[in-house]
Amino acid sequence: MNGIVVGPGGGRKIITPAQEITFKVTGADGSSASVFEVVVPPGFDVGAHKHHNSQEMFCVLEGELDIFAFEPERYIADGWTDWKSTSGDRPARATPGSIAFVPTGCPHGFANRTDAPARVLFTVSPSPHHEVYFEKLAEIFAAPGPPDPEAIERLRHDYDITQFTPLRHDRPQPGAADR
């Protein structure tokens, strides 16, 4: 049995107006976890959600993301940026080298509120569940016009994801990076 080495820029890419995902290591490679490099554009907010059967790890390589991974005191449907946990945790600004681990069932989300793209390495276990999810999400993003929220909701339901706040892809407003 042999392993694989995937160099910089290597891997299968999915590029849409809303995201760029590069599959680095997949279930087809024999891995129990999927590894993706994702370029998160300015204004992208994945929305607060949780996975019922997957765990994730994010490592910020370039840029900055606002991110949280905790059970909030209360859910606010419009957005998660003001959420806090019962122990006082709040969303944090993740800079290059930051790592976030999200266990199965833990609410989490990330957003790029800056005016520059962020590059993140995601590890998701088990594979290939998220691989197929990303492929189908890319199809939704590739359709003309803004992403169809109902299609995204159906997809997330099919892939055992509970969504708490909406996915958004809007350019940040001036000064948003300072919030």
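Which are the buried residues of helix 1?

1. Helix 1 and its buried side. In this predicted model, the buried residues of helix 1 are His 130, Glu 131, Tyr 133, Phe 134, Leu 137, Ala 138, Ile 140 and Phe 141. The spacing in that list can be read against a general rule: an α-helix has 3.6 residues a turn, so residues three or four places apart point the same way. The length of helix 1 is also consistent, because its 14 residues, at 1.5 Å a residue, should span 20 Å, and the C-alpha atoms at its ends are 20 Å apart.

2. The sheet. Six strands form an open sheet in the order 1-2-3-11-6-9, with antiparallel pairing. Strand 1 and strand 9 are at the edges with a single partner strand each, so one side of each has no neighbour in the sheet. From one strand to the next, the twist averages 20°. Helix 1 packs on this sheet and touches strand 1, strand 2, strand 3, strand 6 and strand 11, its direction making about 160° with that of strand 2.

3. Strand pairing, followed along the order. Strand 1, residues 12-16, pairs with strand 2 in the antiparallel sense over five bridges, and the bridge partner of Arg 12 in strand 2 is Phe 23. Strand 2 in turn pairs with strand 3, again antiparallel and over five bridges, with Phe 23 standing opposite Phe 36 in strand 3. Strand 3 and strand 11 run antiparallel and are joined by seven bridges, and here the bridge partner of Phe 36 in strand 11 is Phe 122. Strand 2 is largely enclosed by the rest of the structure, because five of its seven residues are buried.

4. The nonpolar cores. The largest nonpolar core has 34 residues, and Phe 36, Val 40, Phe 58 and Phe 110 are those with the most contacts inside it. At least two residues of this core come from each of strand 2 (19-25), strand 3 (34-40), strand 6 (55-62), strand 7 (65-69), strand 9 (99-102), strand 11 (118-125), helix 1 (129-142) and helix 2 (149-158). Helix 1 gives the most, with six residues. A second core, separate from this one, has six residues, among them Ala 48, Phe 68, Phe 70 and Trp 80. As general background, nonpolar side chains in soluble globular proteins tend to be buried together.

5. The surroundings of Phe 36. Leaving out residues up to four places away in sequence, Phe 36 touches Ile 21, Thr 22, Phe 23, Lys 24, Val 120, Leu 121, Phe 122, Val 124, His 130, Glu 131 and Phe 134. Two of these contacts, Phe 23 and Phe 122, are the residues already named in the pairing of strand 3 with its neighbours in the sheet.

6. His 130, a buried polar side chain. His 130 belongs to helix 1 and counts as buried because its relative accessible area is 3%, under the 20% cut-off. Its side chain makes a polar contact of 3.0 Å with the side chain of Glu 56. Residues up to four places away in sequence aside, His 130 touches Phe 36, His 51, Ser 54, Glu 56 and Val 124.

7. Val 124 in strand 11. Val 124 is found in strand 11 and is buried, with 0% relative accessibility. Apart from neighbours within four places in sequence, Val 124 is in contact with Ala 33, Ser 34, Phe 36, Ser 54, Gln 55, Glu 56 and His 130. Val 124 and Val 35 are 89 residues apart in sequence, while their C-alpha atoms are 6.5 Å apart in space.

8. Backbone points to check. Most residues other than glycine have a negative phi, and most peptide bonds are trans. The peptide bond from Ser 125 to Pro 126 is cis, with omega near 0°, and a cis peptide bond also joins Ser 127 and Pro 128, with omega about 0°. Pro 126 lies in the loop between strand 11 and helix 1, as does Pro 128. Asp 160, a residue other than glycine, has a positive phi near 60°; Asp 160 is placed in the loop between helix 2 and strand 12 (161-163) and counts as partly exposed, at 30% relative accessibility.

Technical notes:
Residues are numbered from 1 along each chain as its sequence is written. This is a predicted model: local features need pLDDT of at least 70, side-chain atom pairs count only at pLDDT 80 or more; totals for chains, interfaces and linings use all residues. Side-chain values use heavy atoms; hydrogens and water are left out. A nonpolar core is a set of buried Ala, Val, Leu, Ile, Met, Phe, Trp, Tyr and Cys residues joined through side-chain atoms within 4.5 Å. Buried means under 20% relative accessible area, exposed over 50%, partly exposed in between (1.4 Å probe, protein chains only). Helices (H or I, at least four residues) and strands (E, at least two) are DSSP runs, numbered from the N terminus. Contact means heavy atoms within 4.5 Å. A polar contact is a pair of N or O atoms within 3.5 Å; within protein, one must be able to donate a hydrogen and the other to accept it, and residues adjacent in sequence count only if both atoms are side-chain atoms. The expected span of a helix is 1.5 Å times one less than its number of residues. Two strands pair if DSSP finds at least two bridges between them. Axes are lines fitted to C-alpha atoms, for helices over the stretch in contact, and angles run from 0 to 180 degrees between N-to-C directions.
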